[in-house]
Amino acid sequence: LGNHIKNPSQPGVKINFVSTPVAERFPDQFQPYEDVFGCSVNSRQPFRGTLFRFPLRTEAQAKISEIKNTPYDKRSVGDAIDALKLVGRKIMLFLNHVRKIRVYDLKRNAASPSEKKLVFEVTASQEKCRLLTSNQRPSDLLACSSNLIAKSELTRPSFEPCSSIVRVTYSDQIKISPSERWLVCSTVGQKESL
């Protein structure tokens, strides 16, 4: 993707596969995503989900990398997954549009992506509660908060305080942990709003 990465210190690239034939131009870059969870970059059909592919690199590759000179091997990926396992239940409380995180392992010698093995899964779901003011988590709470901080004022009416009960469930290859229930309260405003 050489010329598509304008700044090596920010190597992330967001590509619209539906309207851009990038997979046809760079088939070797996108072949690993083909048929993973039903994703087909070549069909140019929308995919409901997000796939991450970790860029593994040996020490020799890291020394000449324009993106990052840190080696990233299987152990490093394992450490990152272990860290996500530790915080996964809590971060689900703050991710408004993410309801499920699943991590799978696909062995190098696997014949197809269907041979993937679930490493762990964290799920968050809203519970109905008639005693609370709202069962909706405000999706633009972060945008409104950022605007408040940047301009020291709200450009739209203040949010009504919002409360919800979120059930978070964790499972891995060995067990399903008891689910946790969290009361999540959100509000935005200034001065007397809280």
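1. Helix 4 (74–91) has 18 residues and reaches 24 Å from its first C-alpha to its last, which is close to the 26 Å expected at 1.5 Å a residue; the expected span is 1.5 Å times one less than the number of residues. Helices (H or I, at least four residues) and strands (E, at least two) are DSSP runs, numbered from the N terminus. Helix 4 also bends by about 40° at Lys85, the bend being the angle between axes fitted to the seven residues ending there and the seven starting there.

2. A word on the basis of these values: this is a predicted model, in which local features need pLDDT of at least 70 and side-chain atom pairs count only at pLDDT 80 or more, whereas totals for chains, interfaces and linings use all residues. Residues are numbered from 1 along each chain as its sequence is written, and side-chain values use heavy atoms, with hydrogens and water left out.

3. Which residues of helix 4 are buried? Val77, Ile81 and Gly88 are buried, where buried means under 20% relative accessible area, exposed over 50% and partly exposed in between (1.4 Å probe, protein chains only). Strand 1 and strand 2 are among the elements that cover these buried residues.

4. The largest nonpolar core (buried Ala, Val, Leu, Ile, Met, Phe, Trp, Tyr and Cys residues joined through side-chain atoms within 4.5 Å) has 14 residues, and those with the most contacts inside it are Ile81, Phe120, Val122, Val166 and Val168. Helix 4, strand 1, strand 2 (117–127) and strand 3 (162–172) each supply at least two residues of this core, and the largest share, four residues, comes from strand 2. A second, separate core of six residues includes Ala23, Phe30, Cys39 and Val41.

5. Leaving aside neighbours within four places in sequence, Val168 is in contact with Arg89, Leu93, Val122, Thr123, Ala124, Ser179, Glu180 and Trp182, contact meaning heavy atoms within 4.5 Å.

6. A search of the whole structure finds two aromatic pairs, which are rings of Phe, Tyr and Trp (its six-membered ring) with centres within 6.5 Å, called stacked if their planes are under 30 degrees apart, edge-to-face if over 60 and tilted otherwise. The ring centres of Phe37 and Tyr104 lie 5.0 Å apart and the planes meet at 55°, so this pair is tilted. The pair links distant parts of the chain, since Phe37 is in the loop between helix 2 (27–30) and helix 3 (59–64) while Tyr104 is in strand 1 (residues 100–105), 67 residues apart.
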